[in-house]
Amino acid sequence: MTLRFRAPRRMAAAATAGALALSLAACGGTTKDSASGSGDAKAGGNASADPNAPLKKGLKLAFLPKQVNNPYETIVDNAGIAAAKEFGGEAKEVGPSDASASSQVSYINTLIQQRHDAILIAANDENAVCGPLKQAMSKNIKIVAYDSDTNPACRDVFINQASSEEIGRSEVKLLAEQIGSEGEIAILSATANATNQNTWIKFMQDELKKPEYSKMKLVKVAYGDDDDQKSFQQTQGLLQAYPNLKGIISPTTVGIAAAARYISGSKYKGKVALTGLGTPDQMRKFVKDGTVKGFELWDPKNLGYLAAYAAAALSSGQITGAQGEKFKAGKLGERSIGANGEVILGPPTVFDAKNIDQYHF
């Protein structure tokens, strides 16, 4: 089922600003700001695009998520695998069970040996994967980063779920609405090196500098490493260490679900607000029991779908990753490549008690 997301009224201004000031990406990742301008020139940078070239048949794609047991990443990758069948290709998902910085390196090396046409990666660390990715690019293997970017020098394009600036600022706005723009707050992130998380947090911190948030204080950024139990324990630790805490932002699907599970069964339910990025299916019960008033996300199926078509366009020579190039992404229509090789899926939507039953993923 294809979901059509509409940005809520309260996010309209943020969407406009995000569209004008793209810094990165994601579902993103930086994604662009922290990494732009660093590293060497991309391999294959002198290639020319033929927008009229047909999509090649039999393309072999591999999705390399942050970790294979992450429910969100599974949704993204399965949609990309299904998309590959639409254009006569084949795709698979491979990857580590942990989200450490170097855990993806051995998988990249194996995919190079297997001669895949494209590797699609949600990077755990923007630089740790650069060496093997550059080796892949030197062998004409196309690299598509999605969800969490690599250093731009180490991939051809980055598929960002939404403007990173839009995500970071809107998260603060959501929490401010829930706590009356006053009180101590904390952030429960994924890993300390995740490019998307760090970029969103940077914009959260910048948003908090505005006068309207002068009574809100960020007291801690904690890391649950996209591990359910560690995120659960980090939530418990935050609430114990900061007894006056009024709200938590967790911009990770694993983290927000674990935090909601802890808060829902504790004395903090109804007293400490929680928002972030989560899927409707994992968060539905917490919205309905009052633990969470509202949270955000984009359609992860469309993210994987768009990434697969971008990989096919690259592998077929329709695009090279240069700014201004366009390609057709099946049911999602024509897409354009922006600065630093970034393609943005679209604005996120807010899920709450009024609309959450309309979405199932």
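1. How many bridges join strand 1 (residues 60-64) to strand 3 (residues 118-121)? In this predicted model, the two strands are joined by four bridges and run parallel. One bridge partnership can be named: Leu61 is matched with Ala118 of strand 3. The reader may wish to locate this pair before turning to the sheet as a whole.

2. Strands 1 and 3 belong to an open sheet of six strands, ordered 2-1-3-4-5-13, with parallel pairing. The edges are taken by strand 2 (90-93) and strand 13 (342-344); each of these has a single partner strand, so one side of each lacks a neighbour in the sheet. From one strand to the next, the twist averages 20 degrees.

3. A further open sheet is made of four strands in the order 7-6-8-9, and its pairing is parallel. Strand 7 (216-223) and strand 9 (273-276) are the edge strands, each pairing on one side only. In this sheet the strand-to-strand twist averages 20 degrees. As a general point, the strands of a sheet pair through backbone hydrogen bonds, in either a parallel or an antiparallel manner.

4. Within the four-stranded sheet, strand 6 (residues 183-189) deserves separate mention. Strand 6 is mostly covered, with six of its seven residues buried. Strand 6 runs parallel to strand 7, and seven bridges join the two. Among the residues involved, Leu188 has Ala222 of strand 7 as its bridge partner.

5. On the other side of the order, strand 8 (residues 245-250) pairs with strand 9 in the parallel sense, over four bridges. Here the bridge partner of Gly247 is Ala273, in strand 9.

6. The covalent cross-linking is simply described. The structure holds one disulfide, which joins Cys130 to Cys154 with an S to S distance of 1.8 Å. The torsion about the S-S bond is about 100 degrees, and the disulfide is therefore right-handed. The pair links distant parts of the chain: Cys130 is in helix 4 (residues 130-138), whereas Cys154 is in the loop between strand 4 (142-146) and strand 5 (157-160), and the two cysteines are 24 residues apart.

7. Are the two cysteines of this disulfide buried or exposed? Cys130 has a relative accessibility of 11% and therefore counts as buried, the cut-off being under 20%. Cys154 is likewise buried, because its relative accessible area is 1%.

8. The last topic is internal space. The structure holds one cavity of 30 Å³ or more, and the largest cavity has a volume of about 110 Å³. The lining of the largest cavity consists of 16 residues, and those nearest the centre are Tyr72, Asp147, Gln197, Thr252 and Thr253. Helix 2 (71-86) and helix 6 (195-207) are the elements that give two or more residues to this lining.

9. Which helix gives the most to the lining of the largest cavity? Helix 6 does, with three residues. In character, the residues of the lining divide into seven nonpolar, five polar and four charged. For inspection of the model, the residues nearest the cavity centre, including Tyr72 and Gln197, offer a starting point.

Conventions
Residues numbered from 1 in each chain as written. Predicted model: local features only at pLDDT ≥ 70, side-chain atom pairs only at ≥ 80, totals over all residues. Heavy atoms only, no water. 1 Å grid on protein atoms, 1.4 Å probe; cavity = no way out; pocket = protein on both sides within 12 Å on 5 of 7 lines; lining within 4 Å. Points joined across faces, edges and corners; volume = space filled by probe spheres on them. Nonpolar A, V, L, I, M, F, W, Y, C, P; charged D, E, K, R; others polar. Disulfide = S-S within 2.5 Å. Buried < 20%, exposed > 50% of the residue type's maximum accessible area, 1.4 Å probe, protein only. Pairing = 2+ DSSP bridges. Axes fitted to C-alpha atoms, helices over the stretch in contact; angles between N-to-C directions.
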